[in-house]
Amino acid sequence: MRGRIKKLFRSNEPYIFLIIIVLGIVIQIRSGQFFTGNNIVDLLSALIVPGLFAIGEFLALIAGGIDVSFPALASLSAYATTKFLLDREYGGNVLLAFVIAIAIGAVLGAVNGLFIGYLNLNAMIVTLGTSSIFKGIMQGTLRANQLAVIPAGMKSFGITPFISAYNAKNGLTSVLPFTFLILVAVCALMFFILRYTIFGRGIYAIGGNPISAHAAGFHVKRTKFIMYIMIGMIASASGICRVCMMQQCHPTNMLGMEMNIIAGVVLGGVALTGGAGTLTGCMLGTFLIIMVQNSMILLGIPTTWSSVFVGAVIVIGVAISAYQANHQGVGSHQHKSNAKKEAVS
Amino acid sequence: MNKKMFSVLMSTVMAAGLAVSAYAAPADSESVKKAADEGWEIAVVPKDSTNPWFVRMKTGVDQFASETGVDCYQVDTGTIDAVAQAQQVKDLIAQGVDAICVVPVDIESMDSALKEAKDAGIVVIAHEGASLENVDYDIEAFSNEGYGAFIMQNLAEAMGEEGVYTTMVASLTNGSHNEWADAGVAYQKEHYPNMTLLEEMPRVESNDNGDDAYNKAKELIKAYPDLKGIMGTSSFDAPGVARAIQELGLTDQFFTSGTGMPADNAELLKSGVVKSLTLWDPAIAGEAMVDLACKVLAGEAIEAPVNLDVDGYTEMNWREGSETVLEGQGWITIDAENVDSFGF
């Protein structure tokens with residue numbers, strides 16, 4: 001038990017959680033509007049799309065890679081899907097949209113996986129390149145522009161409330177759409193895969209040390225290949241969520257999100273060098289960024305300073321994470337070797 | 001100016017525009033004919049070629065090309081990105097085009113790129129970039145003061161000329177958006193004594209992103225219970241705010257107005273979440289830029305009032321104190337009744 005607590009405080013998650021609570025209290029004091037049902041619902045609803053992206057990025061980082069192509073990938077598959085369904089005047093439910101988008105995402109992810117996994121090229125360079133290609137296909141080949149109307153099924157899925165929180169004090173009703181369940185489901189699925197499957201263990205092992213992972217019997221190339229396919233699928237599901245929630249499809253709306261997503265995941269204690277980090281940390285870090293971004297006005301930070309403030313939180317948070325990792329390197333190394341040991345056994 | 005006078009003035013202007021365009025199509029202009037004969041290459045660089053605003057601009061530029069035979073085209077810029085846009089201008093310089101028409105994302109980074117263009121002897125026409133220095137001319141559909149006041153009139157009408165409001169721009173570095181917002185505020189102070197600007201948060205940024213506008217609006221509404229309206233400027237602001245109004249159940253209690261494209265917002269206008277939006281036609285602005293580029297290339301003297309041969313741009317006058325900025329009378333209002341009549 002003692003060892004468990006010690007281990008807990010050696011990791012990043014409790015600190016991030018603490019920062020979230022403290023910041024929440026500060027916002028509460030400043031505005032009286034943080035710990036209200038509708039504000040929490042607003043934040044959770046703002047978390048859905050970045051949260052899904054963060055899970056994908058988390059996988060890439062754990063495996064010792066990185067992915068900067070997911071906003072372009074998600075934009076392309078979501079746009080192509082929406083356009084395809086619109087052209088066919090599709091009137092059914094949202095399921096088909098997810099199926100098509102995830103299929104496209106799998107193909108696009110496989111492109112990343114092929115270059116990074118089987119050809120063993122640098123993940124940053126590959127995804128920078130594919131990001132341009134995906135954008136190019138969307139804007140050049142498909143001539144993407146804003147779709148003001150989306151299929152009825154997607155429309156209702158995006159606004160039908162899963163939870164709606166009414167604040168009696170100010171009479172505001174915030175809606176958490178069903179897309180939130182997608183985030184929860186993907187989170188749960190990934191948690192299971194990473195913890196209980198050989199494939200999930202392999203992702204950690206590869207990020208720790210690909211050579212020993214190979215020696216331990218993991219299919220390094222195949223694991224990477226499948227993992228980038230999964231990232232593509234998750235990103236595409238996220239893209240459809242964004243379109244449904246926005247009630248229209250703006251193809252460039254998600255581009256440029258990658259930096260804050262990576263920052264959030266790293267903030268959550270996921271090592272840029274791979275092999276270490278938890279899904280809980282990833283989600284907490286991402287939530288912290290979303291919370292800071294969406295609380296500038298509640299905090300009363302002037303518009304001129306808000307990007308400075310968001311930037312400062314990222315730099316300080318990531319610095320603390322890095323410091324933690326360096327000074328308790330024993331902990332994280334142990335984590336890696338644990339993963340390896342388990343992998344061997 | 002009251003509303004009635006305003007509408008009379010507007011219809012006069014529009015009628016005048018129609019009358020002029022009846023016999024002054026671009027194809028009849030001497031300088032345009034010369035541009036077609038000489039084969040001058042004119043490139044138009046928008047902010048974000050996927051944004052419906054600039055998709056519409058492209059249709060204007062393409063129409064100009066097909067009607068007049070001038071070699072003009074709009075460049076595909078992809079997503080909104082100041083650095084990439086400046087690079088695109090440099091690429092055009094290297095290609096040796098004769099004129100560059102640009103709608104700048106960021107004034108400062110664009111200005112240095114345009115200096116290289118001018119040094120290379122290329123004619124530079126800007127739109128929505130009045131504070132650019134390295135241009136031959138900048139054309140604005142209207143004076144920023146006039147348009148800002150026009151948005152404020154629409155917002156004030158929706159708000160019943162009373163209550164607290166704030167302003168939203170794409171970014172604090174965006175030239176025109178901030179001038180409109182300033183002018184809107186100035187107009188309110190002069191004409192609507194019962195309206196007040198939210199002093200604690202007088203301007204917020206939407207980053208030209210509908211989702212950001214939506215989240216910012218929700219946050220503003222939570223933080224400032226007295227707030228009753230948001231004056232939008234970018235074409236994503238008011239529609240994004242409208243999504244928040246709809247979700248929070250504040251239709252007819254919270255209001256917004258600002259720039260917006262008709263087809264994209266038809267549903268919002270018809271449902272009454274937004275009472276009216278303001279606009280000018282980017283297609284015509286695109287044609288006007290190319291037309292002016294032809295005139296400059298042909299060596300024609302540019303003297304006010306300049307006639308650029310397209311509606312709303314037939315009597316361009318110098319902005320006060322400026323020798324490069326020309327302003328027209330190209331504003332329009334869209335509401336539930338006329339939203340379907342624009343064809344875009």
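This tour visits one helix of chain A and then a pair of helices in chain B. Bear in mind throughout that the model is predicted.

Begin by selecting helix α2 of chain A, residues 13-31. At 1.5 Å a residue, its 19 residues should span 27 Å, and the C-alpha atoms at its two ends are 27 Å apart, so the expected and the computed span agree.

Next, show the side chains of I16(A), I19(A) and I27(A), which are the buried residues of α2(A). If you look down the axis of α2(A), these buried residues fall within an arc of 70 degrees, and therefore they line one face of the helix. To see what covers them, add helices of chain A including α12 (258-267), α13 (279-293) and α14 (296-299).

Now turn to the face of α2(A) that points away from its buried side, where you will find the exposed residues L18(A), I21(A), V22(A), I25(A) and I29(A). Before leaving chain A, step just past the end of α2(A) to G32(A), which takes a positive phi of about 70 degrees.

Moving to chain B, select helix α2 (residues 30-38) together with helix α11 (residues 282-297), which pack with their axes 8 Å apart and at an angle of about 80 degrees. Angles of 65 to 115 degrees count as roughly perpendicular, and α2(B) and α11(B) are therefore described in that way. On the side of α2(B), the contact is made by S31(B), V32(B) and A35(B), while α11(B) brings D291(B), C294(B), K295(B) and L297(B). Coloured by character, the residues of this contact divide into four nonpolar, one polar and two charged.

Terms used:
Residues are numbered from 1 along each chain as its sequence is written. Chains are lettered from A and ligands numbered from 1 in the order in which they are written. Helices (H or I, at least four residues) and strands (E, at least two) are DSSP runs, numbered from the N terminus. The expected span of a helix is 1.5 Å times one less than its number of residues. A residue is buried if 20 or more other C-beta atoms lie within 10 Å of its own, exposed if 12 or fewer, and partly exposed in between; C-beta atoms are placed from the backbone. The arc is that of the directions from the helix axis to the C-beta atoms. Two residues are in contact if their C-beta atoms, placed from the backbone, lie within 7 Å. Axes are lines fitted to C-alpha atoms, for helices over the stretch in contact, and angles run from 0 to 180 degrees between N-to-C directions. Angles under 35 degrees count as roughly parallel, over 145 as roughly antiparallel, 65 to 115 as roughly perpendicular and the rest as oblique. Ala, Val, Leu, Ile, Met, Phe, Trp, Tyr, Cys and Pro count as nonpolar, Asp, Glu, Lys and Arg as charged, and the others, Gly among them, as polar.
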